[in-house]
Amino acid sequence: MCGITGVYAFNEIGRFFHINLWNATEALSLRGPDRGNTFTHNYVGLGHRRLSIIDTSSGGNQPMTDDEERYTIVFNGEIFNFLELRKELEQHGVSFQSTSDTEVLLQLYKREGERCLNRLNGFFVFAIYDKQDESLFIARDRFGVKPLVYTVDEDRLLFASEMKALFVFGFPKEVDYASLQQYLQLNYIPAPNTIFKDVKKLMPGHFIKIKGREVSVKQWYNLPEQVKSRKTYTGSYEQAQKDLASLLDASVQRRMIADVPLGAFLSGGIDSSVIVALASRHTQHLNTFSIGYRDEPFFDETKYANLVAKKFNTNHTVFSLSNDDLLDGLYDMLDYTDEPFADSSALAVYILSKRTRKKVTVALSGDGADEIFAGYNKHAAEFRVREGGWQNSVIAGLKGLWDALPKSRSSALGNKVRQLQKFAEITAMSPGDRYWRMATFTGEAQASALLNLPESEKVEQELLARRKASLQHLLTDKDFNDFLLTDVDLVLTNDMLTKVDMMSMANSLEVRNPFLDYTVVEFAFSLPTSYKIDSGMKKKIVQDAFRNELPPELYKRPKHGFEVPLLKWMRNELKSLITNDLLNDDFIAEQGIFSVTEIRKLKEKLFSSNPEDVHARIWGLIVFQYWWKKNIGVSVAK
């Protein structure tokens, strides 16, 4: 677990920013609290902060330079197959000075260049400087588990694991209002864009090469192309279950290599329970961690986590939180966030990570299974639309009823009505429009109406259309996998993995995701749709492959998201923040970004008897306003 940053100067003006390198590196100290160091040579500077996961005392510190003093690397991540790669390199005469995966990666790059990327099993962002030709190579892992942001101007290229390091170097903080409009719909900003016009995210499976003034960005891994080139699985469903269990077991084993205390998140859902079941095969008394909401029984799932912990005899810890406990972590979470990110479950992940870190340094999680194996309610809705049938017509025909009935995520009945209303809307839509409706909290027209920008800042609709199209390009009616691949590109990378990385790194905890081993992902996308979902079951093969190992109660419960009780908070504890501070009419008018009238309508709906999803939209606004005051305007009083 580490943080990296650096500068590639194009001239003497750019080289001047080397003076910021140490402070930029220190800005990443929570990602790597154990030690930090920098490297400079001519026009290049590299910075690294680290947390020691595996013993690297014999020469494994970074930045690391090879014995010929030509190549220098800074690396954030883990290479899980580094021991096999090391043996292969030793057979070719390579000698090693440390026990680290960093040195293996450096030597592999020396031997194979960019081709080395396809040999790596792990998650990573790394930068390698070639002193001989003064070039820099920066690469990101296949699915974007580890982040990288960068900015380029006429004087320099800056890069970092987090934008807070770029803040130290300095760049024009010009808000990208097209990104803001997408944020208002999704509650996060899809890569490669950020909230700033001049800062980009390096896309998953891409690399950057810089030499002289030439900067090129290229893709090295393309999951849809891998899916096309791989033969569809032809084995029986029973054999597929065995193959999945074997691949996942190997993935878990790879991710349990660590010289520090290791544990696992355990929500009580199928995915985390599967990971705990597998990890328990390879260690005695695995440490497992859950959070519960003692003030909010509708959101509490610790009953199921306790069943799993008991079955596998884990050292289980339940963090039973009150609403005050959750709210105590709110401002710390918001302060760590470098750009607006409004998945409200980030708060729960932040607190879980903070408390877990007191006991372990590495945690396994079940992230990724829903996106690759069709585990969300929207996947069931999409499957039902494609299958057709009289039930769809009945639900669509009752749209007026669903529109009239109260809807809310905070109760079982209100949530069911909300889902039925959304399903009635999507039945007649095209695949692209259907997906976008299910992925967003706010429609395009609603998001546009919220903005009240000066003419000079108006968002070009063509630009928005291009960005949206780039996120929908895989969607067709032909293959259900297209829907899942779009989820991997959009939701997994930009929401789920961003959330877990950001909130765990804020607490110096490394999280590893066995479902996102590329062998598991590519296997999942080789399977027929019927192995993953049917009219009665989501994430079918995952559930069936481990049915005999997991407690039966897990199969008799509705799926819950990792949510927090936002609606109740906004009507009570957070009410003043909404009405008197961040969404106050006078502040909105003075700020000049949003429509006072439209914001007022949202606040009225929030306190009505039929709030629907308005609390998610208001949460997005709260997060943006807090971020804006901290980074653009004036600070928020706590």
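This is a short talk on charged pairs, surface patches and a few single residues in one protein model.

Hi everyone, and thanks for coming. Please keep in mind that we are looking at a predicted model.

Let's start with charges. Side chains of opposite charge can pair when their charged atoms come close. How many salt bridges are there in this model? The count comes to 42. I'll walk you through three of them.

Take E162 and R31. Their closest N and O atoms are 2.6 Å apart, and they form a salt bridge. E162 sits in the loop between strand 9 (156-160) and helix 5 (163-169), while R31 sits in the loop between helix 2 (21-26) and strand 2 (35-41), so this pair ties together parts that are 131 residues apart in sequence. Are these two residues buried or exposed? Both E162 and R31 are buried. They also belong to a network of salt bridges, which links R31, K146, E162, K164, D338 and D501. If you have the structure open, try finding those residues together.

Next, D66 and K110. This salt bridge has its closest N and O atoms 2.8 Å apart. It links distant parts of the chain: D66 is in the loop between strand 4 (64-65) and strand 5 (71-79), and K110 is in helix 4 (residues 101-112), 44 residues apart. The two partners have their own levels of exposure. D66 has 4% relative accessibility, so it counts as buried. K110 has a relative accessible area of 23%, and buried means under 20%, so K110 is partly exposed.

Then there is K539 with D271, whose side chains meet in a salt bridge at 2.8 Å, N to O. K539 lies in the loop between helix 24 (529-532) and helix 25 (540-545), and D271 lies in helix 9 (residues 270-279), so the pair ties together parts 268 residues apart in sequence. K539 is buried, with a relative accessible area of 6%. D271 counts as buried too, at 9% relative accessibility.

Now for a charged residue without a partner. R617 lies in helix 30 (residues 614-631). Which side chain of opposite charge is nearest to R617? That is E598, 6.2 Å away; R617 is buried yet has no salt bridge. A salt bridge needs the side-chain nitrogen within 4 Å of a carboxyl oxygen. And what does R617 touch, leaving out residues up to four places away in sequence? The answer is F441, T442, Q446, L450 and L602.

Let's move to the surface. A negative patch is formed there by D295, D324, D328, D332 and E573. One of these, D324, lies in helix 11 (residues 323-328). There is also a nonpolar surface patch of about 470 Å², made by W390, V394, L398, L401 and L405. Within that group, V394 is placed in helix 16 (residues 390-397). V394 counts as partly exposed because its relative accessibility is 41%.

My last stop is K575, in helix 27 (residues 575-582). At 40% relative accessibility, K575 counts as partly exposed. Setting aside neighbours within four places in sequence, K575 is in contact with W569, M570 and F607. How far apart are the C-alpha atoms of K575 and K603? They are separated by 9.9 Å, with their positions 28 residues apart along the chain.

That's my tour. I'm happy to take questions!

How values were computed. Residues are numbered from 1 along each chain as its sequence is written. This is a predicted model: local features need pLDDT of at least 70, side-chain atom pairs count only at pLDDT 80 or more; totals for chains, interfaces and linings use all residues. Side-chain values use heavy atoms; hydrogens and water are left out. Helices (H or I, at least four residues) and strands (E, at least two) are DSSP runs, numbered from the N terminus. Buried means under 20% relative accessible area, exposed over 50%, partly exposed in between (1.4 Å probe, protein chains only). Contact means heavy atoms within 4.5 Å. Patches are made of residues with over 30% relative accessible area and no salt bridge: like charges are joined within 9 Å, nonpolar side chains (Val, Leu, Ile, Met, Phe, Trp, Tyr) within 5 Å. Accessible areas come from the Shrake-Rupley method with a 1.4 Å probe; for residues, only the protein chains shown count as cover. Lys and Arg count as positive and Asp and Glu as negative; His and the chain ends are not counted. The place of a charge is taken as NZ of Lys, CZ of Arg, CG of Asp or CD of Glu.
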